[in-house]
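Please open the model in your viewer and keep the selection panel at hand. The stops below go from one chain to the other, and each begins with something to select.

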Amino acid sequence: MLAKPMKRLVPFLVSPQQMKAIRKCLLFVLTFCLIYQVELQAQERTVSGVVTDNVGKVLASVSVAVKNSDKGTSTNEEGRFVINLTENNSVLVFTYAGFSKQELIVPASGLMQVMLQPEVNALTDVVVVGYGSQKRVSVTAAISNVKTEEILRSPVSSVANALAGRATGIIAVQRGGEPGRDIADIYIRGVGTFAGGNSARPLVLVDGVERSLNGIDPYTIESFNILKDASATAVFGVRGANGVIIITTKTGATGKPQFSLSSNFAWQEPVRLPETLGAVDYARLRNTAAQNDGSPSLFSDYDIERFQRQDDPYFHPDINWLDYLIRDYSPQQQYNLNMSGGTTDARYFVSLGFLNQDGAYKLGNFFDEFSANPNFKRYNLRANFDFNLTKDWSIAIKAGSEISNSNYSRSNTSDIFGTIYSANPMMSPVLFEDKIVRNVDGLTALQISNTPLYQLLFNGFNENFSSALNLNFATRYKLDKITKGLSTRVMLAYDSYYLQSVLRRKQIPLWDLRRNPAATNFQDSAQPIAVVNQFEGPISFDGESFVKNRKAYGEAAIEYTNKFGLHNVGGMILGTIERRYDGSNQLPFNYMGVVGRATYNYDGRYLAEVNVGYNGSENFAVGQQFGVFPSFSLGYVISEEKFFPKTDAVTFLKMRGSYGTVGNDKIGGNRFLFLPSSFQSGGNYFLGINHTNMPGYREATLGNPNVTWEKAAKLNLGIDMKFWDNKISFSADYFREERNDILWQLNIPITFGNPAIVAPYNIGQAENKGYEFELGFTNSNRKGDLRYWVNANYTFARNKIIYMDEVPQPFPGLEMTGSRIGQMKGLLANGIYNTADEINDPNRPRSQWEGTGLRPGDIRYVDVNEDGLIDDNDRVNIGDPNIPEIIYGSTFGVQWKFLEVSVFFQGAGNVSTYLAGEASWPFIAGTKTAFSNASESWSEERYKAGLPITLPRLTASPEAGKHNYRQSSFWMQDASYLRLKNVEIAANFNKSFLDKIGVKNLRVYLNGQNLHTWTKMPFFDPEIPNSNGSIYPVMRVINGGFNLQF
Amino acid sequence: MLYLKKYILFLYLGVAAALTIATSCSRILEQPDGSIITIDSVFNNPDNAMRALNNAYATCVVNGFITGAGGSGLSDAGTFDGFLLAASDEGDQFGSGGRANAFNAGTWGPSFQDEFAIGRVTSGIRNASIFIENADKVPLINTGTINWTAQFRDQTVAEAKILRALMHYEMMIRYGGIPITDQVPTVVIQNNGGVNQATVVPVATRQSLRRVIDFIVKSCDESINALPDAYPQNDLGRITKGAALALKSVTLLWAASPLVNTATPAVSSPYDSLLCMGNADPARWATAAAAAKATIDWATSNGYALLDDATLGKAESYNYATGAVFDPRNKEIIHFDHSHGQEAGGANVIRWGCPIYFSWGNTVMALPLNFIRKTYRDINGNDISIPDNGSFTDFKSIMKRMEPRFHAVAWWPGSQYTFTGLMNNQGGNDTAKFLVRRGSATGTTQQVGAGPQLIGNGIPNGIHQKKFINLVNATNGTVNLYWPIFRLAEFYLDYAEALNEIGPGNPEMINAINIIRRRGGLPELAPGNATYDQIIGNQQLAREYIRRERAIELYGEEHRFFDVRRWKIAGQNGVMQGQFDRIFLHENGTGTYVNPTTAMNAATRLQNDNRVSYRIEPFETRVWSDKMYFYPFPQNEVNKGFLVQNPGW
C-alpha cells in the first residue's frame, strides 16, 4: 500500500531491490517512531541503533550488553538492535569478534549510530600461513600483514607501490613512474643472496598459487600477509628462502547483496625533476668550461646577447626540455564496482575494476595517427564463489582476469630521458610552424643528435594487449565421521597469460632551417626558410611479438585438528604439483613436493610447531632433485600463566622463536646446469676464395653435475606484547640468516681458455641479519565519536658476503668478500684541491689519471693504500648499497564523528644512489645538458668567496675515465629519505538519512601519495636506481574519490 | 546423497593416488635428453670434427683490423678502436680518446692495456688442443665431404698444432715466458677449509722463455711434414707447410734478437729466465737465418714471389701485395687471416682508418712527420729534406718526389687518395677536404676542399695513413680485408737482418735487400750506389739500413711495434719517446685561399696553393719506460696467484 506514494516521493529510485530496501527503511522509521512514543510514555525507555564497522558496513550478531547487568541482545542481519533500558542503565557494551570492545553512554535521544573499529592484532585474528591459516595467538612464526584499507589509501596503480613502510619486513623500492611499468621491487627482510637476476625476490602467492603481484585490483584483496622466517616458509621448500607474500582475495559474506562502488580520479605529477640551465647560463658556463680546458669559447658575446634577448627563437633557441616535453599533470582514474552476499550455503563476491593511467609526455600525440605517450589501461574482473554442498562438503571457485591495454613510445624510456638529459637548451628550436626541425644553420656544433622530441616519436609506438586468467577450484571435505577434526581438501588452479605487442612506426617528416639569404636586417634573417630533410612516411607495421604462458597447479591435503583437554593438536600433509610453460620452446618448468605440518599447543600457553617441506624441480640432476627443508618453532604466552599479574598494564606477552632451513632455486635463471659438457654450433671461420662460411662447433657449457639450490638457515626470535587494556601493542623480531650454496662463478685462471663456459658452482655464502619492530596505539573516547591511532614500524636488514671464491685482491678494501651485497667500490673523495700550493705539494699523491697534471678545482682522493699514487687500488666501499637497509613507516590517524584524517610517513635509510654521467656531470661530450648546480662548480672566485662548491672545475669533456669522473664517493649520493607518503582526509556519511536513498554508506575522500620528500639526494627522486638519471620520474598523485555502499 | 559422498571420497583417493604416482614418476620433472652435442658426438664423425677445427681457426686469429669496440674480442685486433700502428712511431691516432695513445702517453698498464685480449688467445689454444687431443677418435671413413684418412687426420692435427703455436707466439712476443698449454685445461674443484675453490690443470704458471721458444719450434717441426704446400681454392686460408716454416722462422728470429738473446733482460727481474734466453749466443742468428732461408726456399719453389706488376706500377703493386690476397697477380701472402672478408661501407675499420671516406674525425690514423723524415726516401733512394717551414707548393713537390711505397701508405693534403682512382667520387681526389689555419699560423682551423664534411676536428695531423683502406670500392664503400700474417717480403728482410748479424757484406744479404728494393721502386744496391757504398762491410750501418728498409716495407702490418722492442731501441728518442711532429697548413693572409675544384686549371691551382704555407710543429711528447718491453698481465689474473707479473708493473 505504501509503495505507490513512495514511488512518487522518490522518483529517482529505480530498482525493485532498492525499492524493497526503502520500504524496509520506512517501516523501520515508522516502527522507531512508535517505539519512541512508547518510550515517552513509560519510565523504561527503548534504545535502538545500527552497528557498522569502520567503513560503514553493517555488522550482524554484534553482542550488545548493558553494563553492570545481565541484560543484552545482538544486532540483526541489518546491523540493527533494539533494547529496553531502565534509567540506571546508561552504558552499553558492544563486542564483536575481531573488533575493539566499545562502551558507549546512551544518548538522550535513545538513537545510536555505533561504529566498531577493527581490533589491532586481535587475539582472534586469523593469519594466513603457508597452505592454511592459523589464529594469530597461536602463531609462532614471523608473519606480518598489511591491511587492505591501508593499501586502498594509496592511489597507485600497483599494490607493490603501496607497501613500503606499511608492515615490518617489506623492503620496497620504486625505481620509476612510467604507467604500467612503475612496479616497485620488493624484498623481504632485505637481500640474502648475490646470485643475481631475480634471485633475491620473494615468492608471491595469490590465492595459493604463484602469481604476479602487479595486476591485482587492490579492491579485491582480503588479506596481505608477509611470511618471513623459516617456520613460515619452510613449507615452500626450494622456493621459500626469500620470504613469501600471500595475498588472498575477498570472498562473499552471508547476507543481502552488498554493492560497493568506488571511483577515483587523480592527477599525477613528477615528484621531482632536475633543474637544467637555460641558454644564457649554459653558454656562459660552457665558455668557462672551454676556458678551463684551454680550448676556444663555443659561444660568442653576440650569441649570449641573443640568448639573453630571446628574440631569435630559431637560430638562438632556448628550450627547457623537461618543460617542453613533460606535462605538469597527467590524469589517472580508477574504478571498482563489487557485489557480495549470499546465503550460508552459497556466497559470492564479484568485482569489476578499471584503471587508466596516463603518461607524462606533452607532445606524444604530435601526429594524429599515433600516440607516443604511455597509457596503461587495466580491467580486472573477479568472481569468487563459495558453496557448501553438504554439511561436510564445500567448494570454492575463484576466477580472476586481468586485461591490460597499454601504449608506449617504441623508444626506450631510458633513451627518451637519456636524450632529454643529453640535450642542451640551444640545440634546436624543435618546431618551426609545426614542422619538426632537424638541422639549423649555425647550430650544427651543438646539434650532435636528434632532439628529444624526435627521439620520442621516430621509433613509432608499441601497443600491448595482455590478458591473464587465473582460475582456482578448491574443495574441502570434512571427515569428522572417520575421526573428529579430520578433513581433506584439493585445489586445482589454471593460469594463462597472453601478451601481444605490436610495433608500428612512421618516417617522421624533418625540416632543415636555413637562414634567409635575402635578409637585409636582423628581423628578416631571424625568420628561417624550411627545407625538407626527410619526407613523411605512412604508419607501417614494424613487427610484433607474443608471450604465451600457461600454468597448471594442484594441491591435495589431509588436515587434522583436535583438542584433548588442554592439548590442542593440528597436522597437515599436503602434496603439490606445478607445471608452467613459458611460451618459448623450453621444456616446462615443474615443481613437485610434499609438505608436512604439526602444531601443538598446551592451553594456549606453550606453543610448538614443526614444518617440513620436501620438494624439488626439474632443474636439478635426477637423484638430486628433491630436498628436505625442516623448521621448528616454539612459543610461550607468558600472559596466560597463572602467575602473570592480571592488570591492564600488560595484557599480553608472548615470546616465540624459530629455526629452520629453506631453499632458493632462483639461481640466476639458469636451467639444467647439471647436464654434461656440451658443444654448440658457432665458431665459424671463412675459407676459400669465395669466403665460404665454414660452420664450427664450439664448447657451450661445462656441466656442473652437482648443481643444487641455495640453502638458507634462518633463526628468528620475537616478542609480542600488549599494554594498557590492549590499546598499545608492540612486536619485535630479531632475525639472522645464513645463506649457503649460492650459485657463483668460479675463479678460474685465464689459461683455462674460456672461463665463461664453466657452469657456476654452489660456492657462495652470505649472511643477512637484522631486526624489526612494530608499535601500535589506538584509543577512543567513551562516547565513541573520537578515535585516534598511531602505528609505527621499522625494519633493518644488513647482509654480508661471507665467501664468493673471489679473485684475491692486493688490498682488503678491494674485496667484495666481507662487504654488503651490491656494495659499490670507488675512490674516496676528500674535497677539492683549492690552491696551486696544494697541487704543487711534493707530498701530494699523484693520480694515475692526471695526465699533464692536476689543477686547482680537481677532486682530492684519499690515498688509501698510501703508496703515493691514486689508482684503482685505492678503491674501497663507497656509500651504501642501492637497496635500503632500513625502511620505516608511521601512520597517525584521527577520526571524529564522520571525519577521518590519516597521515602516513615513510622513510628509508642506509641507502645510496650513484649518479654519474648525465645525472651529475655538466657538458658531457661538450654539448650535453647541465643542471643548475653547474654554477656551483669549483672556481677560484667561488673558493675565495667561500661560496658552496658541489662540482669540480668545469670541463667540456667529462668522461668516466678521467681523474675527476672516476667512480668515487664524490658522485655517491645519500639516498635516504623521509616522505610524507600518504595523507587521506575522508568523510564517512553513514547517517541514517542515507538509508532513505538506499545508500548504506558514503565515503568521500581526498588523498595523496608521495606528497613531500625530505632527502639529501640532488635533482632526482631518491628511489631511482644507480644511473645516469635517464629514468621516467616517480609520480606524486593527488586523488579524489568516493566509495558508495548500497 | 550417500552415493555422492562415497563418490567424493573416491575422487579424493583418486587424486591422492595420482599425486603419489606422479611423485614417484620422474617423467613429470621433464628434463632435456639426447639433444646435447657432447665431445663424443663431435669426434665420432669427420664432418663434425672438421667443425671443431673450424672453431680452432676462428679463435686462433691474428687480425690487425679493428672490427668494432674492442675488436669484437679478437685476440689481436689493433688497439681498441684503432690500429696498432698508432701505438708506435709509425703512426698516431688523433684525439685523446684513441686507445693507442695510452701506449704513447705511457698510461697503459695491468688494468688498462687495450691491445691484447689474452682470454681470446687462451680460448684459441684450448680449442686447438681439444681438436689435437680428440682427432684420433674420429673413425677413418669417407663421408662424401671429408675423406678422413690417417694422413688427413695427421694433417689436420698439424694445422691445429700450428694454430696453437701461433697463439703461444703472439703471447710470447708480448709477455716473454708464458704458461705452455699443451693439453686441454680442466677445472678441478677443491674443498679448502670448508669452501670450494677452483684450480686448473695444467697449472697456469709461466715457463721460461727458452722453453716457450722450444715449444713453438717443436710444434712447427712436428707439423711441417704433415702439412700440404697448397690447398684447393676452396680451402685457401688454412695452414700450409709455408705457414709452419714462417712461424718457426719468426720465432727463431725473436730468440736471436737483442731483447732476449742476452743473459740480462731489458728490465731487471727476479725471474730472468722468463724474459730472456739466459745467455747471449750469436749462433741463434745462424739458426734464424737458416729458418728464414728455408721459408724463402719453400716459397720460391712453390710459386711465391713479390708482387711487381707493370700495369699496377710500383706503388700499387706494393699496395695490392698486402691488401689484395686473392688477386691472381699476388703470390706474396704465405698466411693470412680470413675472418673478415668483405666489410660493409661504413664498417668501423673504414671509418676509423680512413681520413676521407667515412671520417670519424678524432680517430683517424696519421704518419708523424718525424717518422717520415727519418724513414722514407725520395724516388732515387736518397734521404729527403723537409724544411720546418715552407710554401704549400714546395710541400706538395717534396711529397710528389717521395718513393712509391710512401705514396701507397700516405695521403697528404691536396693529394689523390689512390692512383687507381678508387674513391674519387667520394672526395678522394686531389681536392678532398683538408684543414688550414685561417689567416695565420696560429689561426682557427677550417676545412677546405670538396667532398663530404669531415666530422669533428677533421684531420689535423697532416699526413694520413691509408694502407689497407685505399682499396675501398668507389661505389659502395666496401673493402675486402685480409690481414697478412706472413708475407714473403718479411722473410727476405728477416734473412738479410740475420745474415748481417752473422757477418757483414754477405752477397745473399744484398740480394735479399735488392728483391725488396726492386719491387719498392728503388735503384738496386750495387757498387757505386751511395747506400751500397755506405753499408757494405759496415755491420752497424747495414743494420740501421735494414731496419729502415723494414720499417718502410712492413709499414702498418704490426711489425714496427714489436721490432722496436725486439731490437731494444724503443727507448730511443723519436721511437717510443720524445717529441712527435705534424705539419699544419695556414693561410698567408686572411681569406685568400679558395676551395680548390676539379675545374681549376693548373695555373689557378698553383696561384691558390701559393696563398698557403706549411709549418712543422710538435703535437705530442711520448713517454717510454723500459718495463714496457714486456706487457703486464691483467692485474686480475695476477691476483689469482698463478701468474708472476712482469717486472715494473
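Begin with the open sheet of chain A, in which five strands follow the order β10-β15-β16-β13-β14 with mixed pairing; here strands are DSSP runs of E with at least two residues, helices are runs of H or I with at least four residues, both numbered from the N terminus, and two strands pair if DSSP finds at least two bridges between them. Colour β10 (143–146) and β14 (209–210) of chain A separately, since these are the edge strands, each pairing on one side only. This is a predicted model, in which local features need pLDDT of at least 70 and side-chain atom pairs count only at pLDDT 80 or more, while totals for chains, interfaces and linings use all residues. Residues are numbered from 1 along each chain as its sequence is written, chains are lettered from A and ligands numbered from 1 in the order in which they are written, and side-chain values use heavy atoms, with hydrogens and water left out.

Within this sheet, select β15 (residues 221–227) and β16 (residues 244–249) of chain A, which pair in the antiparallel sense over six bridges; A:Ser223 stands opposite A:Thr248 in β16(A).

Next, select residues 346–358 and 375–388 of chain A, the strands β19 and β20, whose antiparallel pairing runs over 13 bridges, with A:Val350 having A:Ala383 in β20(A) as its bridge partner. Extend the selection to β21 (residues 393–409) of chain A, which pairs with β20(A) in the antiparallel sense over 14 bridges, and follow the hairpin of four residues that joins β20(A) to β21(A). In this pair, A:Asn384 stands opposite A:Lys398 in β21(A).

Then move to helix α8 (residues 413–420) of chain A, which is mostly covered, with six of its eight residues buried, where buried means under 20% relative accessible area (1.4 Å probe, protein chains only). The buried residues to label are A:Thr413, A:Ile416, A:Phe417, A:Gly418, A:Thr419 and A:Ile420, and the buried residues of α8(A) pack against α7 (321–325), β21 and α9 (452–457) of chain A.

Now centre on A:Ser525, in helix α10 (residues 522–525) of chain A. Is A:Ser525 buried or exposed? A:Ser525 counts as buried because its relative accessibility is 16%. Leaving aside neighbours within four places in sequence, A:Ser525 is in contact (heavy atoms within 4.5 Å) with A:Phe315, A:Arg515 and A:Ala519. For a distance label, pick A:Ala97, which is 428 residues from A:Ser525 in sequence and 82 Å away in space, C-alpha to C-alpha.

Finally, turn to chain B, which has 22 helices and 15 strands, and in which buried residues make up 61% of the 649 residues.

Select B:Tyr169, B:Glu170, B:Ile173, B:Glu558 and B:His559, which, of the 22 residues lining the largest cavity, lie nearest its centre; a cavity is a set of points on a 1 Å grid over the protein atoms alone where a 1.4 Å probe fits but cannot get out, and lining residues have an atom within 4 Å of a point. Add α6 (150–175), α8 (241–256), β13 (484–487), α16 (488–502) and α20 (560–566) of chain B, each of which supplies at least two lining residues, with the largest share, four residues, coming from α6(B).

How values were computed
Buried < 20%, exposed > 50% of the residue type's maximum accessible area, 1.4 Å probe, protein only. 1 Å grid on protein atoms, 1.4 Å probe; cavity = no way out; pocket = protein on both sides within 12 Å on 5 of 7 lines; lining within 4 Å.
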